Structure formats: C-alpha cells, structure tokens
Amino acid sequence: MSAHERTDGSHERTLVLVKPDGYRRGLTGEVLRRIESKGYKLVGLKVQQASEELLQEHYHEHRHRHFYPALIEFMSSGPLVAAVVEGTRVVDGVRRLIGSTDPTDAEPGTIRGDLGRAWGRATAENIVHGSDSPHSAQREIALWFPELAEDAMHA
C-alpha cells in the first residue's frame, strides 16, 4: 500500500458486527461473503458474547433515545461476530452493502434488504452493523479490537 493511500483517506478500516439475529440464523458467512466479494479484506474476526458494558460504550450516543434499552438487550441476547474490514473507501462501501436501517425500507440486493426482518419487535432485526464514519470506525475498532486500535489510526 502506498503512502498516498494512507494519507488521502481513501484507504481505511471499518467495524462490522453480524448481530445476534444474523449469527443465530447462520448468516455470518453470507454477510462476510458479500463484503469480501466486493474486494474488501478481513483483518480482524471474532465470535463473542458482548458484555453489557461494551455495548453501552459502543452505543453511547444513543443512551438517551427511547430504543436504547431494547437495543442493548437485543445485542446482548446471544453471540455475535465482530470484524475489522479494510479497503478503499470501505466505510461508505460497507454502508451501501448493508442498506437502510429498517429492513423493510432497505433496497433489494443489500444485506438488510435481502436478509433483515422488521416484524413488530422493539428492535429491528437488521442482521448487521457498520461504522457510520471513519471517526466512528476508529472509536469502535478500539472498543472491539484493542489490539488493532493503533493500526486503525494509521490505516
């Protein structure tokens, strides 16, 4: 990778979470296949049961929103898969692959449009999370992959 790629913001890293609903339904491979098929590289991957403390820190900006308690409950309801994904403009690219937050509104062909569910539950079962900005990606990678946090700042 050239120094230009590292300094112009085009080459970056993002955090992807295959949420408990995606993991339970056996969709981890499909989610990661779509990301890798786009040409992005997995540089960190783990299955874990997220602690309430980790989730509270991850969703800190939503702590005053009405859906926050249900979101924390949903995200701690079972194992999930955390991944660090690297590539050119990966934050925007992964967000496009994921689709709109509400699976019913998400375009066909997106992960949420094809696989997500929004059937009257407190929290939409929308399969996957992707960082919404390079700044958020750095913060989230530091939470979920402290061992890669320094690399994330220089990617």
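What follows is a walk through the largest pocket of this predicted model, two residues of its lining, and one residue of helix 8.

Confidence comes first. Averaged over the protein, the pLDDT is 90, and 90% of the residues score at least 70. The start of the chain is another matter: residues 1-7 have a pLDDT below 50, and this stretch makes 6 contacts in the model beyond near neighbours in sequence.

Now to the pocket itself. The largest pocket holds about 450 Å³ of space. Its lining is made up of 20 residues, and those closest to the centre are Lys 19, Tyr 59, His 62, Thr 101 and Asn 126. Sorted by class, the lining comes out as 8 polar, 7 charged and 5 nonpolar residues. As for secondary structure, strand 4 and helix 8 each put at least two residues into the lining, and helix 8 gives the most, with 3.

The database record is worth setting beside this. An unreviewed UniProt entry places the feature "binding site" at Lys 19, Phe 67, Arg 95, Thr 101, Arg 112 and Asn 126. Of these residues, Lys 19, Phe 67, Arg 95, Thr 101, Arg 112 and Asn 126 are included in the lining of the largest pocket.

Two of the annotated residues can be looked at in turn. Lys 19 sits in the loop that runs between strand 1 (11-18) and helix 2 (20-24). With a relative accessible area of 7%, Lys 19 falls under the 20% cut-off and therefore counts as buried. Setting aside residues up to four places away in sequence, Lys 19 touches Tyr 59, Phe 74, Met 75, Leu 80, Arg 112, Asn 126, Ile 127, Val 128 and His 129.

Asn 126, one of those partners, is also a loop residue, placed between helix 7 (111-115) and strand 4 (128-130). Its relative accessibility is 4%, so Asn 126 is buried too, given the limit of 20%. Outside its neighbours within four places in sequence, Asn 126 is in contact with Lys 19, Asp 21, Thr 101, Pro 103, Arg 112, Gly 116 and Arg 117. Arg 112 thus turns up in the contact lists of both Lys 19 and Asn 126.

Last comes helix 8, which spans residues 134-144 and contains Ile 141. Ile 141 has a relative accessible area of 0%, so this residue is buried. Between the C-alpha atoms of Ile 141 and Gly 22 the separation is 20 Å, with the two residues 119 apart along the chain.

Note on methods:
Residues are numbered from 1 along each chain as its sequence is written. This is a predicted model: local features need pLDDT of at least 70, side-chain atom pairs count only at pLDDT 80 or more; totals for chains, interfaces and linings use all residues. Side-chain values use heavy atoms; hydrogens and water are left out. Helices (H or I, at least four residues) and strands (E, at least two) are DSSP runs, numbered from the N terminus. Buried means under 20% relative accessible area, exposed over 50%, partly exposed in between (1.4 Å probe, protein chains only). UniProt positions are given in the numbering used here, feature names are shortened, and annotations may be inferred rather than shown by experiment. On a 1 Å grid over the protein atoms alone, a cavity is a set of points where a 1.4 Å probe fits but cannot get out, and a pocket is an open set with protein on both sides within 12 Å along at least five of seven lines; lining residues have an atom within 4 Å of a point. Contact means heavy atoms within 4.5 Å. pLDDT is the predictor's confidence in each residue, from 0 to 100. Grid points are joined across faces, edges and corners, and a volume is the space filled by probe spheres set on the points. Ala, Val, Leu, Ile, Met, Phe, Trp, Tyr, Cys and Pro count as nonpolar, Asp, Glu, Lys and Arg as charged, and the others, Gly among them, as polar.
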